[in-house]
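User: I am new to this structure and would like to go through it step by step. Please show it to me before we begin.

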Amino acid sequence: MLEKIDVGRQSIAAYKTSAGPEVVEQLRTLASALRGARILHINATPYGGGVAEILRSEIPLLRDLGLEAEWQVITGDETFFRITKTIHNGLQGAERALTPTEQEVYLAHSMRNARLLEGDYDLVFVHDPQPLALLHFHGHGRAKWVWRCHIDTSEPNPEVWGFVRPYVADYDAAVFTMGSFVPPEFPVQRVEIIPPAIDPESPKNLELDLRLARRVLQWIGVETERPLIIQVSRFDPWKDPLGVIAAYRLIKQEVPDVQLALVGAMALDDPEGWEIYHQVRDAARVDPDIHIYTNLTGVSNIEVNAFQRLARVVIQKSVREGFGLVVSEALWKGTPAVAGRAGGIPLQVQDGVSGFLIDSIEECADRTVWLLRHPEEARAFGARGREHVRKHFLLPRLIADELRLAADLLGIIPRQVVPAAEVGLPGELRDPVCGRRLETETAMPLDHEGETYCFCSDACREEFRKSPHRFARPAHRSN
Ligand code: UDP
């Protein structure tokens, strides 16, 4: 048997205040059509990283909504996870490919995990590349299988993509965070765009009294009366923790009493984390105002909550990113974000409105200093960010999107025939670039080869105009 992950209980009713009663009601209606459906989510780690974060919150809610939901985790040794990290990096564009031996080891582990997979399901969601080849060795059974890709695979290393592509082709559907992440010549016809979301009711995000938050941080060594900037991330080169230290050094010249905390979880499926951690430690050694914390030194959800709440600015200096849940987590707490223009970050940070999008260390430092020097404006940025997250990036919206896809794949809600230019789920109008749901009245149209496509912003429309072939493919359409 694969390892089944135990989760707690949660009621969807608890989300009425944060997400709104009408959203909760819609979700209940949607779920009632799927009552009793057996849904399995499979990923590679029960903690550390955004996928584990989402599943821990989502499974209890699916159960509360009347579905039989389960979460299972594949097993593997360090060699296997080094290989899957190489695949992860390769799919994000890194140069290193897999050796023939690594390919064999990956497939041997996949076969072993496939044998360990027990149970009868209607729908199986497989998250990211680590468990991807499970379907090939296990077979569909009676279930529909969905590959849920959380990373930016828009420009994959061709060799790595060439290796995984046949295993992707087995799936009934695939889900990406943004339209632009779909790799070239994608072999699955049914593609959905569903951005991730945060759980406003989890210990990491629920309201935390500021006095309590201060005590939590003081206890672990932060001076809460001095300005604090943070980055919360796995120790991963794409998250650029060394770039954050470089930016902090520039910020320190302007704001001498600033402190930096780098908070990084060590995920089970990310052996590269230790190497980066040691590099970060070495880079920070001489400066007592740089604090480095990990889940292994006791920094868990409540501490992350306190950090994101009390930081004056949250930095996320990613150079490549899937979605970057941490950005929504920070904005939800009313803290402005200075974040790399990468992956799903521009969906979350409205540049100059709730934070700043940056492309360099200097820009990162510059924008952070501005926010530190303008506390009133920074508070207004944070408040706008919170509203944006409330509208677009809370868990009930994510679950609703997934349930619509589930109902459609299981043939419970018949697919409607909708105009070809409507991308996304049946009956919905979606921006083909960022995947955001649109209102007909405010959408920005563009005609392309006899079809009308709609966009949320000029930026998305421009991106489409530059290379329409990346987005205007039939697989994005729902009819
Ligand atoms: N996280 C955490 N402790 C840490 C570092 C990260 O709890 O020390 C959490 C973070 O709060 C977020 C998730 O891990 O919920 C990271 O998700 P994200 O999408 O930002 O990045 P990923 O690691 O999935 O690439």
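Analyst: A residue is called buried if 20 or more other C-beta atoms lie within 10 Å of its own, exposed if 12 or fewer do, and partly exposed in between, with C-beta atoms placed from the backbone. The model is predicted, with local features needing pLDDT of at least 70 and side-chain atom pairs counting only at pLDDT 80 or more, while totals for chains, interfaces and linings use all residues. Residues are numbered from 1 along each chain as its sequence is written.

User: Which residues of α9 are buried?

Analyst: Helices (H or I, at least four residues) and strands (E, at least two) are DSSP runs numbered from the N terminus. The buried residues of α9 pack against elements including β8 (228-232), β9 and α14 (361-373), where contact means C-beta atoms, placed from the backbone, within 7 Å. The buried residues of α9 are P241, G243, V244, I245, A247, Y248 and I251.

User: Which domains does the domain assignment give?

Analyst: Domain bounds come from an automatic or database domain assignment. The centres of the two domains, taken over C-alpha atoms, are separated by 28 Å, and 23 residues of domain 1 are in contact with 20 residues of domain 2. The assignment gives domain 1 (3-197 + 395-422) and domain 2 (210-391).

User: Where does the largest nonpolar core lie with respect to domain 1 and domain 2?

Analyst: A nonpolar core is a set of buried Ala, Val, Leu, Ile, Met, Phe, Trp, Tyr and Cys residues joined through C-beta atoms within 7 Å. The largest one has 135 residues, and those with the most contacts inside it are A174, I229, I230 and F307. Helix α16 (residues 395-409) gives the most to this core, with eight residues. Because domain 1 and domain 2 both give residues to this core, its place is between them.

User: Which element supplies the largest share of the shell around the ligand?

Analyst: A residue counts as near the ligand if its C-beta atom, placed from the backbone, lies within 6 Å of it, and of the 19 residues around the ligand, G49, G50, A265, L325 and V326 come nearest. The shell draws at least three residues from each of domain 1 and domain 2. At least two residues of the shell are supplied by each of α3, β9 (259-264) and α12 (325-332). The largest share, three residues, comes from α12.

Technical notes. Contact = placed C-beta atoms within 7 Å.
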